[in-house]
Amino acid sequence: KLITMDYEIVEQKEKQVVGLTARTGNLDPDCQKIIGGLWQDIMDKQIAESIRNKANGYFVGLYSNYDFKEMTYDVTVGCEVTANGNPELTAKTLPAGRYAMFRVHGDVVKDVSEAWNTIWALPLERTFTGDYEEYVSNENGAADVNIYIALKN
């Protein structure tokens, strides 16, 4: 198991993500259950397969619309698309810009969660315009996940 909190700075073009959205926050006792429920729904209900115009084969977990008074944010679980062909799902736009990209290899729940705890503690100049996880592969519970954190220019 390997978690490195080294990261690289990458420039991203604007992206569209389509999927299911819920509102939660780090202080919400049901936070993990809510996020896990979104993942379960998108997989179990074949919603993932119904998403049209996928840009790639990866799943995305997007965190946006941060509210620091309430300590809440929107979580969208879905796929990056080239155009929104699913009006019944939530569409979110990730702005173009600089992102810190972290590579996580390990348990899809435990290691990704630990990575986020580390990221929250890092002194990054974050914009909070949209941070996301890109699930590159997941075989037998060992996942390769890229986490992108939006940075100020």
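Is Phe128 buried, partly exposed or exposed, and what is its relative accessible area? Phe128 turns out to be partly exposed, at 22% relative accessible area, a little way past the 20% cut-off under which a residue is called buried. The views below all come from a predicted model.

**View 1. The largest pocket and its lining.** Here's a space of about 650 Å³, with 24 residues lining it. Nearest the centre you'll find Ile35, Tyr63, Val112, Glu133 and Tyr135. Two or more lining residues come from each of α1, β3, α3 and β7, and α1 gives the most, with six. Sorted by class, the lining has 15 nonpolar, seven polar and two charged residues.

**View 2. Helix α3 and its buried side.** This helix has 12 residues and reaches 17 Å from first C-alpha to last, close to the expected 16 Å. Asp111, Val112, Ala115, Trp116 and Ile119 are its buried residues. They sit on the same side of α3 because they cover an arc of only 140° around the axis. Look to the other side and Asn117 and Ala121 are exposed.

**View 3. Trp39 meets Tyr135 edge-to-face.** The ring centres are 4.9 Å apart, with 70° between the planes. Trp39 belongs to helix α1 and Tyr135 to strand β7, so the pair ties together parts 96 residues apart in sequence. Both rings belong to buried residues.

**View 4. Tyr66 and Phe128, another edge-to-face pair.** This time it's 5.0 Å centre to centre and 75° between the planes. Tyr66 is in strand β3 and Phe128 in the loop between α3 and β7, so parts 62 residues apart in sequence are tied together. Tyr66, at 15% relative accessibility, counts as buried.

Definitions and conventions: Residues numbered from 1 in each chain as written. Predicted model: local features only at pLDDT ≥ 70, side-chain atom pairs only at ≥ 80, totals over all residues. Heavy atoms only, no water. 1 Å grid on protein atoms, 1.4 Å probe; cavity = no way out; pocket = protein on both sides within 12 Å on 5 of 7 lines; lining within 4 Å. Points joined across faces, edges and corners; volume = space filled by probe spheres on them. Helix = DSSP H or I, 4+ residues; strand = E, 2+ residues; numbered from the N terminus. Nonpolar A, V, L, I, M, F, W, Y, C, P; charged D, E, K, R; others polar. Expected span 1.5 Å × (residues − 1). Buried < 20%, exposed > 50% of the residue type's maximum accessible area, 1.4 Å probe, protein only. Arc of directions from axis to C-beta. Phe/Tyr/Trp six-rings, centres within 6.5 Å; stacked < 30°, edge-to-face > 60°.
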